[in-house]
2 protein chains.
Amino acid sequence: MKLEKCITVDNINQNLLNVKYAVRGPILERALQIERELVKGVPKPFKYVVRANIGDCHALGQKPITFIRQVLALAACPQLMSSPDVPEDVKKRVQNILDDCTKSSVGSYSPSAGLTLVRKHAAAYLTARDGVPASYEDIYLGSGASDLIKAVLTMFVKDADGKPPAVMIPIPQYPLFSGTLSELGLRQANYYLDEEHNWALQVSELERSWQQASVDSHVRALVIINPGNPTGQVLTQENIEEIIKFAYDHDLFLMADEVYQENIISKPFHSFKKVMHEMGPPYSGMELASFVTCSKGWAAECGLRAGWAELVRLQRDVAAAFSTARAVLQCPTVLGQCAVDCTVKPPSPGEASYPQFCAERRDIHRVLAERAATAYNTFNSIPGYSCNPIDGSMFAFPRVEIPENAQRAALEQGISPDEFYCLRLLEETGVCVVPGSGFGQKPGTFHFRTTILHSREEFQHMMDSIRHFHLQFLRQYS
Amino acid sequence: MKLEKCITVDNINQNLLNVKYAVRGPILERALQIERELVKGVPKPFKYVVRANIGDCHALGQKPITFIRQVLALAACPQLMSSPDVPEDVKKRVQNILDDCTKSSVGSYSPSAGLTLVRKHAAAYLTARDGVPASYEDIYLGSGASDLIKAVLTMFVKDADGKPPAVMIPIPQYPLFSGTLSELGLRQANYYLDEEHNWALQVSELERSWQQASVDSHVRALVIINPGNPTGQVLTQENIEEIIKFAYDHDLFLMADEVYQENIISKPFHSFKKVMHEMGPPYSGMELASFVTCSKGWAAECGLRAGWAELVRLQRDVAAAFSTARAVLQCPTVLGQCAVDCTVKPPSPGEASYPQFCAERRDIHRVLAERAATAYNTFNSIPGYSCNPIDGSMFAFPRVEIPENAQRAALEQGISPDEFYCLRLLEETGVCVVPGSGFGQKPGTFHFRTTILHSREEFQHMMDSIRHFHLQFLRQYS
């Protein structure tokens, strides 16, 4: 019999059917629909949709850093080098980058791992950050950190023989991890962060998770997200030491998602690289993948798709296989690489761009700290809400008590109570946040993730809308 | 026993060890080494390395299109909108694109499939190209066409049950295909192009290949590269019709790599989409993936990583699964998307940029035609060489007779005769081309691929070097 279609839900790669990505999931779909309805004049109890579903910094109101944008413009169009509107240090920076591009064009392919100049600057940045020498040969640029995280996870895929491989990830987690594990057919071994202790990472829980997964899986890697996404905690040095020891004892490859390392609010950031080094042997000899990005921090250039990773102490042949697989897709975007160069080597004192750069960066950090405080205070003042301090990242992940009547109503609609809550919030206030189930949460608890980078007015409007909605919701369902 | 490393060649995803990518393989490694030796003053029988290994247009000397670069610059840095050096139509174009970016920033994420504006322009481009309506919802932007080809191939990955899936690809092929099939663990079913008939695609050979592969595989898809890479042929309408019928009869998903459709030298390009449409039912109802890029053609912006695909008539749930998997990696670079906008909607008559754009594009086409003629004439004048006409693409893929003594010498070194030949060519002349074995070739035949976009002087130097080298090589080994 002739097939209707060559690819059907029955014969497509079944892993793809398991991929979920709540950040761009049904809630966002509905939000976009509502935006279209508003344009058409459909009456709503609100004037506009507040998108708080995704850490899309510029979309939320964070301003691009002028220095980065000037570098990008001149790198793309060196004819504009004569422009009097662009400072000399920008022109010098662009010239240095173009000197490393074949025939001085950002339209030429770069080496697969990235321009050598940019990799060297990234290594210098890490060396300064950690006080530990870094080698540019360990630096790999990518189309966002996500691209590199997927590439590293791909190394753990295995044939059918033997125990299926698993990767430990935190719950709550950023769904890039669950989504990518699903696509690659890798098992997900959950370890729960301790909400009662500011989302602390307890080694006893790592041990429990590992034991449970090891019954029928081979646990290969341990993912740590620090600062936490969606949870906003920042790990202490002592905690990182415990985690490293745990990984060492269980032969786990450490994947440190450190993309929010420049979004620090109230606690110092310690890199896994530095802590490993300070612990000395055998820990200082362990493999490590650390992920960094231009999409977050003060650069916040999500749309450029520019991230990078440091992969240290890989077996030589493993590094070669990793590099060859990357080479098949040629190289990451060269304009994105220019942005990496700006973030790892920002303007320095004495350069013409320095004062403006400092002012812009200071402003970004100030806004982040203010919003984090507002979110923390507001959420903890709403009955039935609780929210841990936001020490880093750009998210709040408050816990919400959902009345049993509302839970039943959700069940009747075939959705989870937190989805029900977030959909109602969207329909009644226009505020678009992501249900906790999209990140994972302890059974019986309910949360949502909201970004906190909005302008003060918009953020206050959002906080007020949530409070008002929740009180009404309680009245309706209690 | 404590493992030395968490990831080793024994426990890494074994598929990764099978990935080969000759275009950036050992020959390039050696070429880069030689370049460093030249800098150090190591004496060589040549002054510089001629890189002809990769279709890296700007690196070879093709000039960027001014219009594209001006659009990129202003999109990155709208402050420069007031620059008197940039024509009004560029400013208007940029404003339209920024209006479609959230908060007018290219630093905001776009929808996963790309900016709606750009997708609509791409659909309009296809509609005009084929005289067949295209829908923007079928357009997916990516980080180069390679990214999208990999994403489509991922749909064919399958669990261990049943016959393993296979994909038919031409031989010679572009090693993105073999490399990606290896990584994904998909079987490669080779069909040979008919070198004796200008690299024609014979349906009898498709049939043979399908029959052979079907013994122990489930052949899911058929890849066509048109214009051919590395082979440079352009398929006739009749041939495309036969191929479509073949795919229909065997329930094969058609993947048309049409990235060289703007690199047309002497024969008209027919898209699979248009031919399918003209054939009418049932063929006009078939699924199809067609791949397009900004990296080739007159734009030639390899470094931007901007490609796109049209996926038509996918089952609704299949399209949804494809989209969700794409969403996990957020979106392709927005600056790359700006370049897509420029290529699918170039300046039109009456716009200020139009005359310069036309002049630049004309020049690019002229160079391509001249080099193709030079390559064809030169290669066919060298004893032991033969080269089919180059009707499209930017490559020549001459066949070279390698004396038996040289074949034996290669065998002694444990490399293939064509690798031996290309390495000797590199060492003696500095010319870096890619051995035919990197693309696949009929057993017992030897080829190499060279790009043809160099400046006239450099290209003539390369042709002369190859001729001189070959005659010496023949004297040495005959």
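A:S104 sits in the loop between α5 (88-100) and α6 (116-130) of chain A. Helices (H or I, at least four residues) and strands (E, at least two) are DSSP runs, numbered from the N terminus. The phi of A:S104 is positive, about 55 degrees, although the residue is not a glycine. The model is predicted: local features need pLDDT of at least 70, side-chain atom pairs count only at pLDDT 80 or more, and totals for chains, interfaces and linings use all residues. Residues are numbered from 1 along each chain as its sequence is written, chains are lettered from A and ligands numbered from 1 in the order in which they are written, and side-chain values use heavy atoms, with hydrogens and water left out.

Two cis peptide bonds may be described next. One joins A:I171 to A:P172, with omega near 0 degrees. A:P172 lies in the loop between β3 (165-171) and α8 (176-184) of chain A. In chain B, the bond between B:N226 and B:P227 is cis, with omega about -5 degrees. B:P227 is placed in the loop between β5 (218-225) and α10 of chain B. Most residues other than glycine have a negative phi, and most peptide bonds are trans.

UniProt, in an unreviewed entry, places the feature "domain: Aminotransferase class I/classII large" at residues 86-466 of chain A. UniProt positions are given in the numbering used here, feature names are shortened, and annotations may be inferred rather than shown by experiment. Over residues 86-466, chain A is 44% helix and 15% strand. The end C-alpha atoms of this stretch are 44 Å apart.

The two chains are related by symmetry. A turn of 180 degrees, with a shift of 0.0 Å along the axis, lays chain B on chain A with an RMSD of 0.0 Å (least-squares superposition on C-alpha atoms of residues with pLDDT of at least 70 in both). That is the relation of a two-fold axis. In chain B, the C-alpha nearest the axis belongs to B:A73, 1.9 Å from it.

The contact (heavy atoms within 4.5 Å) takes 95 residues from chain B and 95 residues from chain A. The copies meet through the same surface, because 100% of the interface residues of chain B are also interface residues in chain A. The buried area (accessible area, 1.4 Å probe, lost by two parts on being put together, summed over both) is about 7,800 Å². Carbon and sulfur atoms give 57% of that area. On the chain B side, B:I7, B:R24 and B:Y109 lose the most area to chain A, together 9% of what that side buries.

Zero salt bridges (a side-chain nitrogen of Lys or Arg within 4 Å of a carboxyl oxygen of Asp or Glu) are counted between chain B and chain A. Several helices of chain B each supply at least two residues to the side that touches chain A, among them α1 (14-17), α4 (66-76) and α13 (334-344). The largest share, eight residues, comes from α4(B).
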